[in-house]
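Trainee: I'd like to know what stands behind the words people use for a model like this one. Can we go through them one by one?

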Amino acid sequence: MVFLSIFRNVSTMYTRKTVGRCPKPDKYWKRSMYFRMMWKYYGRRQHIYSIGAPMVHRALRYSTKSTQLKKKYMREMWTMRLGAACNQHGIEEDELLSSLTEANIPLNRKVLTDLSIYEPRSFQSLATFAKQRNEQSGLSDALKPTFTGILTHGHDGDKKK
Amino acid sequence: MAYNRVLQWSVMTRSWWLYDAENQCAFKSARKIVNYLQGKHKPIYHPLSDIGDHVVVINTKLVAMRDDRWRKFTYSHHTGYAGGFSRASAWRLHDMDPTKVMHKACYQRIKGNLLRPNIMRRLHLFPDDNVPDEIMANISDQIQQIQIVPKQLEDYSQLERDNFPQIFEWPEKEMMPKKKQPELLQTEDT
């Protein structure tokens with residue numbers, strides 16, 4: 001929505017502040033702006049300004065909040081999708097992302113999920129590359145599960161230090 | 001481009017998975033199965049797109065629980081009327097219906113919304129490994145078990161037991177007498 005009518009109000013209000021003597025702006029322009037946002041409501045909310053305006057204010061408050069929430073939800077979805085795509089090739093999401101960034105392949109979660117959906121073969125090659133890189137660097141050995149219930153002197157000493 | 005269209009169909013198809021619940025924790029395995037039912041194992045997942053798969057769980061009668069969970073874990077129910085509260089321990093519920101523990105574990109794991117009943121319809125539970133051929137024909141792959149099934153003493157042969165390395169042999173004074181098995185006791189009575 002583009003509200004050109006709001007400039008009529010703003011300009012006159014600005015002159016009222018600075019100069020002091022100026023006729024008040026016409027209410028029609030402000031109200032017409034609100035009515036354009038009230039079209040989706042039902043009954044008196046749609047047609048009466050004093051009833052519909054608070055609804056518009058609340059809707060605008062929600063919309064400003066949701067700009068941040070949308071980014072959060074999209075990130076959650078990408079992590080979930082990328083985790084699923086990584087599981088298909090037997091690699092963890094953190095391992096993949098870390099090894100790709102270390103190898104100067106700057107791909108984020110969004111791009112990787114798009115690749116996994118629309119170009120599964122190219123994603124597979126990235127996953128195999130990351131796996132081989134981890135094996136060469138010795139990271140995969142460090143990430144292997146350790147045996148529980150076995151205590152040695154060396155382990156205790158390392159923890160205390 | 002006809003080939004690409006067919007690839008898309010195969011992405012959207014519902015595949016069938018097999019899961020063997022023998023000696024597996026019900027709650028931990030439910031966490032894994034529910035992902036397959038909802039379609040969270042696919043990179044095209046979205047909560048509103050209905051892309052979940054079917055899961056056939058066999059041997060739910062032999063499902064396992066940790067520590068004293070069979071005795072201590074309880075399932076409660078309220079009818080809504082006065083005095084309508086009832087509670088049953090896990091072993092008692094398992095006696096009544098051997099698929100109920102697995103069903104409830106999966107049901108509680110899924111978010112409570114209008115999609116849940118339809119998701120649960122894709123879960124097929126069988127107490128034994130006797131699955132109808134109609135269902136068995138659909139299965140394409142199996143889900144990996146969450147924990148390694150431990151080998152019991154009965155599974156080892158006598159030769160393996162004798163050859164097991166020992167640091168020293170206990171003197172006969174220290175050894176406890178073997179318990180008589182119930183089958184032997186019955187033979188003595190008769």
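Mentor: Sure, and let's start with axes: they are lines fitted to C-alpha atoms, for helices over the stretch in contact, and angles run from 0 to 180 degrees between N-to-C directions. Keep in mind that this is a predicted model, where local features need pLDDT of at least 70, side-chain atom pairs count only at pLDDT 80 or more, and totals for chains, interfaces and linings use all residues. Residues are numbered from 1 along each chain as its sequence is written, while chains are lettered from A and ligands numbered from 1 in the order in which they are written.

Trainee: Why is α5(A) called roughly perpendicular to α7(A)?

Mentor: Helix α5 (residues 93–102) and helix α7 (residues 120–137) of chain A have axes that cross at roughly 80° and come within 9 Å. Angles under 35 degrees count as roughly parallel, over 145 as roughly antiparallel, 65 to 115 as roughly perpendicular and the rest as oblique. That crossing therefore makes α5(A) roughly perpendicular to α7(A). Helices here are DSSP runs of H or I with at least four residues, strands are runs of E with at least two, and both are numbered from the N terminus.

Trainee: Which residues make the contact of α5(A) with α7(A)?

Mentor: From α5(A) come Glu95(A), Leu96(A), Ser99(A) and Leu100(A), and from α7(A) Leu126(A), Ala127(A), Ala130(A), Arg133(A) and Asn134(A). Being in contact takes C-beta atoms, placed from the backbone, that lie within 7 Å.

Trainee: What makes α6(A) oblique to α7(A)?

Mentor: The axis of helix α6 (residues 109–118) of chain A comes within 5 Å of that of α7(A), and they cross at roughly 125°. So α6(A) counts as oblique to α7(A). Leu112(A), Leu115(A) and Ser116(A) of α6(A) meet Pro120(A), Ser122(A) and Phe123(A) of α7(A).

Trainee: Over to chain B: how do you know that it is more spread out than a compact globule?

Mentor: The radius of gyration is taken over C-alpha atoms, and the globule rule is 2.2 Å times the number of residues to the power 0.38. For 190 residues the rule gives 16 Å, and chain B has 23 Å, well over that, so it is more spread out than a compact globule. Its C-alpha atoms fill a box of roughly 80 × 55 × 35 Å along the principal axes.

Trainee: And what makes β5 and β6 of chain B edge strands?

Mentor: The open sheet of four strands runs β5-β2-β1-β6 (chain B), with parallel pairing. β5 (123–125) and β6 (139–142) each have a single partner strand, so one side of each is left without a neighbour in the sheet.

Trainee: How do you know that β1 and β2 of chain B pair?

Mentor: Two strands pair if DSSP finds at least two bridges between them. Five bridges join β1 (residues 16–20) to β2 (residues 54–58) in chain B. Take Tyr19(B): its bridge partner in β2(B) is Val57(B).

How values were computed
Two residues are in contact if their C-beta atoms, placed from the backbone, lie within 7 Å.
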